[in-house]
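User: I would like to learn how to read side-chain contacts in a model such as this one. Could you take me through it step by step?

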Amino acid sequence: MKFSLLSPVYGTTIVAALLSVAAPAYAQSPEPVAALSAPVTVTDLTLEEAVEKAVSSNIDVRMLKLDSDSAYYTTRLTLFSTNATNPDSISSLNGAKSKYETAADAIRDHLVAVSSWKTQENTLRLDVHKAFFDAWAAQEKLDLQKKVRKTQEWARTSSQEKEAEKGREELEAAYREALTKLNLLMNENSSKEWRLMAKDYTAASQISIEECKNSAYERRPDMIKAAAEKAFAQAKVDYINSYASLSTYPGRIARNDLEKNELLWQKTQKKSDKEIEDSYAKVTRSRQAVDSIMAEENAAEEAYRNAYLSFLSGQVSKEQLAELEEKWLETTSKRIESTREYNLAVASLQYSTGF
């Protein structure tokens, strides 16, 4: 898995490592006979490009981003104003409130706006990940079935050919459905064709679960909001303690608000930890499943290749070859499905850390 560092949100103090995990190596489908050439008529599309298309064209995300931008500039204007007030000129609690609470409230408003924007964007990112890998798996299975059917159609009986045609139609329908969903998320024509591109990240190092958790505390939208609320409550306690007393009614209310927001932050943190632990464990299990089925696929491929050579020399019957071909096709389809499930598990882990 691959990880990278991203810049902080709007230059605030929220700076953290952003988990950027991609798919495992996609094993190439075995080709016992010469590959059939075909002209390229579709556009390449990577996961990153699909996400960018979806995010940049989604109206709701763009509006929330604009709200976040406006909140940032409003906060800057407020801070310019409050910073101009000399602390030495403050002689009352109301004066302190005008300076410190107003500034803290503006910062909170900005971070809450960031949280709303990132919540919507991250949900969209997760949806694109799911749609992309659903379409990728359906495309891989369909291409595999077409290849096997065309190269070995002469070796099938009439009933086997009908069964193969039925399977192809089902795979075609699944692919079209997944492709339509992906295109709609990207605001593209629903029938637009893509060559979904995969990358090999298996050699990259894997981030630890503790690093995932620490990243989530600063990147997750709900953690950003919880931290903003706690910081605002702390600012109220601080200025009341400096210009009055925490034993006063306003001071007691401020302390209660701070305690409440600290508890809410802890609750959000526990939720984050649980989601990351579950997602991390699923990624580990899914990766093991991919490795296991790839071993089975390699064995089935080798058996089929050897049988094909023996079939050409008359040492293996057509029926025996068909059985081994079916076994290879089955394990390859399972490998594709396991890879899809692994990538979806990785996407969920990314989502749980705040992308």
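User: Which residue forms a salt bridge with Glu 121, and how is such a contact recognised?

Analyst: A salt bridge is a side-chain nitrogen of Lys or Arg within 4 Å of a carboxyl oxygen of Asp or Glu. Here Glu 121 pairs with Arg 125, and their closest N and O atoms are 3.1 Å apart. Both residues lie in helix α3 (residues 93-152), 4 residues apart, about one turn of the helix; helices are DSSP runs (H or I) of at least four residues, numbered from the N terminus. The model is predicted: local features need pLDDT of at least 70 and side-chain atom pairs count only at pLDDT 80 or more, while totals for chains, interfaces and linings use all residues. Residues are numbered from 1 along each chain as its sequence is written, and side-chain values use heavy atoms, with hydrogens and water left out.

User: Is Glu 121 buried or exposed?

Analyst: Buried means under 20% relative accessible area, exposed over 50%, and partly exposed in between, with a 1.4 Å probe and protein chains only. Glu 121 counts as buried because its relative accessibility is 5%, whereas Arg 125, at 24%, counts as partly exposed.

User: How many salt bridges does the structure hold?

Analyst: The structure holds 25 salt bridges. One of them joins Arg 287 to Asp 291, with the closest N and O atoms 2.7 Å apart, and both of these residues lie in helix α7 (residues 249-312), 4 residues apart. Arg 287 is partly exposed at 22% relative accessibility, and Asp 291 is partly exposed at 41%. Elsewhere, Lys 146, Glu 165, Arg 168, Glu 172, Arg 176 and Glu 193 are linked in a network of salt bridges.

User: What describes a pair of aromatic rings?

Analyst: Such a pair is described by the distance of the centres and the angle of the planes. Rings of Phe, Tyr and Trp (its six-membered ring) pair if their centres lie within 6.5 Å, and planes under 30 degrees apart count as stacked, over 60 as edge-to-face and the rest as tilted. A search of the whole structure finds 7 aromatic pairs. Among them, Phe 132 and Phe 133 are edge-to-face, at 5.4 Å centre to centre with 85° between the planes. Phe 132 counts as buried at 2% relative accessibility, and Phe 133 is buried with a relative accessible area of 4%.

User: Over the face of which residue does Arg 287 lie?

Analyst: A charge sits over a ring if NZ of Lys or CZ of Arg is within 6 Å of the ring centre and within 35 degrees of the ring normal. Arg 287 lies over the face of Tyr 342, at 5.5 Å from the ring centre.

Note on methods. Helix = DSSP H or I, 4+ residues; strand = E, 2+ residues; numbered from the N terminus.
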